[in-house]
Amino acid sequence: MTDSPDRNERAQLAFARLLPKLFRGGQAFVGVEATLSGLSGAQAVTRPAGLPHSVAELVAHINWWNRWMLDIIESGQATPYPRHADETWPEVAEDDWGRIRNDFYELLSRIDPHAARPDLASPVNHDETIGELLADMALHSAHHFGQIVTVRQALGAWPPPGGGDTW
């Protein structure tokens with residue numbers, strides 16, 4: 001049995017409404033703006049004892065993957081995956097924090113127009129569809145934003161200004 005066009009359109013609209021929420025939070029988890037707010041460069045690059053990454057490293061990693069996937073979606077060109085995970089973890093310094101945070105927001109703004117594309121089921125990177133890449137970006141970002149909250153908690157920099165979930 002195939003899905004009716006009406007059902008497919010409803011699913012498309014639901015995905016288009018859900019996707020920005022997955023990237024920005026605000027319902028199921030603290031929004032990205034709140035999560036990144038109020039951090040100095042020194043705090044952003046500090047790795048708490050026992051944790052493998054700083055906030056700045058996590059955001060730079062998210063940026064690496066979001067840029068990689070957006071470039072594929074926007075160019076329509078399949079791209080090989082990196083050979084090693086460490087290629088996706090850029091080096092960061094305290095002075096980089098403002099740029100890293102701004103890059104995150106610039107990439108986020110590039111994602112929005114793709115949520116309502118009518119061709120989300122079209123393959124774009126090997127067997128992956130545009131919709132799958134967008135969903136992967138959202139899940140990957142949400143995963144690492146959970147880690148960012150943990151890093152901030154370990155730094156004593158949680159909740160952020162304006163509050164955040166503390167339970």
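**A walk through a predicted, helix-rich chain**

Over residues 33-148 of this predicted model, the chain is 55% helix and 4% strand, and the C-alpha atoms at the two ends of that stretch are 12 Å apart. These residues are worth picking out because the UniProt record, in an unreviewed entry, lists 33-148 as "domain: DinB-like".

A good place to begin is a pair of helices. Two packed helices are described by the angle between their axes and the distance between the axes. The axes of helix H4 (residues 55-75) and helix H5 (residues 97-111) come within 9 Å and cross at roughly 35°, and the crossing in which H4 passes H5 is left-handed. On the H4 side the contact is made by residues including Val55, Val59, Ile62, Asn66 and Leu70, while H5 contributes, among others, Trp97, Ile100, Phe104 and Leu107. Sorted by class, the residues in the contact of H4 with H5 are 11 nonpolar, 2 polar and 5 charged.

Helix H4 also takes part in a link of another kind. Side chains of opposite charge can pair when their charged atoms come close. The structure holds 7 salt bridges, and one of them joins glutamate 57 to arginine 47, with the closest N and O atoms 2.6 Å apart. Glutamate 57 lies in helix H4, whereas arginine 47 is in the loop between helix H3 (41-45) and H4, so the salt bridge ties together parts that are 10 residues apart in sequence.

Further along the chain, the loop between strand E1 (123-125) and strand E2 (128-129) contains histidine 126. The phi angle of histidine 126 is near 60°, which is a positive value in a residue other than glycine.

What span should we expect for helix H6 (residues 130-155), which has 26 residues? At 1.5 Å a residue, helix H6 should span 38 Å, and because its end C-alpha atoms are 37 Å apart, the expected span and the distance in the model agree. After H6 comes glycine 156, whose phi is also positive, near 75°.

The segment after H6 is also the place of proline 159, and here the backbone has a feature that can be found by looking at the peptide bond from tryptophan 158 to proline 159. That peptide bond is cis, with omega near 5°.

Conventions: Residues numbered from 1 in each chain as written. Predicted model: local features only at pLDDT ≥ 70, side-chain atom pairs only at ≥ 80, totals over all residues. Heavy atoms only, no water. Axes fitted to C-alpha atoms, helices over the stretch in contact; angles between N-to-C directions. Left-handed = near helix turned anticlockwise from the far one by under 90°. Contact = heavy atoms within 4.5 Å. Nonpolar A, V, L, I, M, F, W, Y, C, P; charged D, E, K, R; others polar. Expected span 1.5 Å × (residues − 1). Salt bridge = Lys/Arg side-chain N within 4 Å of Asp/Glu carboxyl O.
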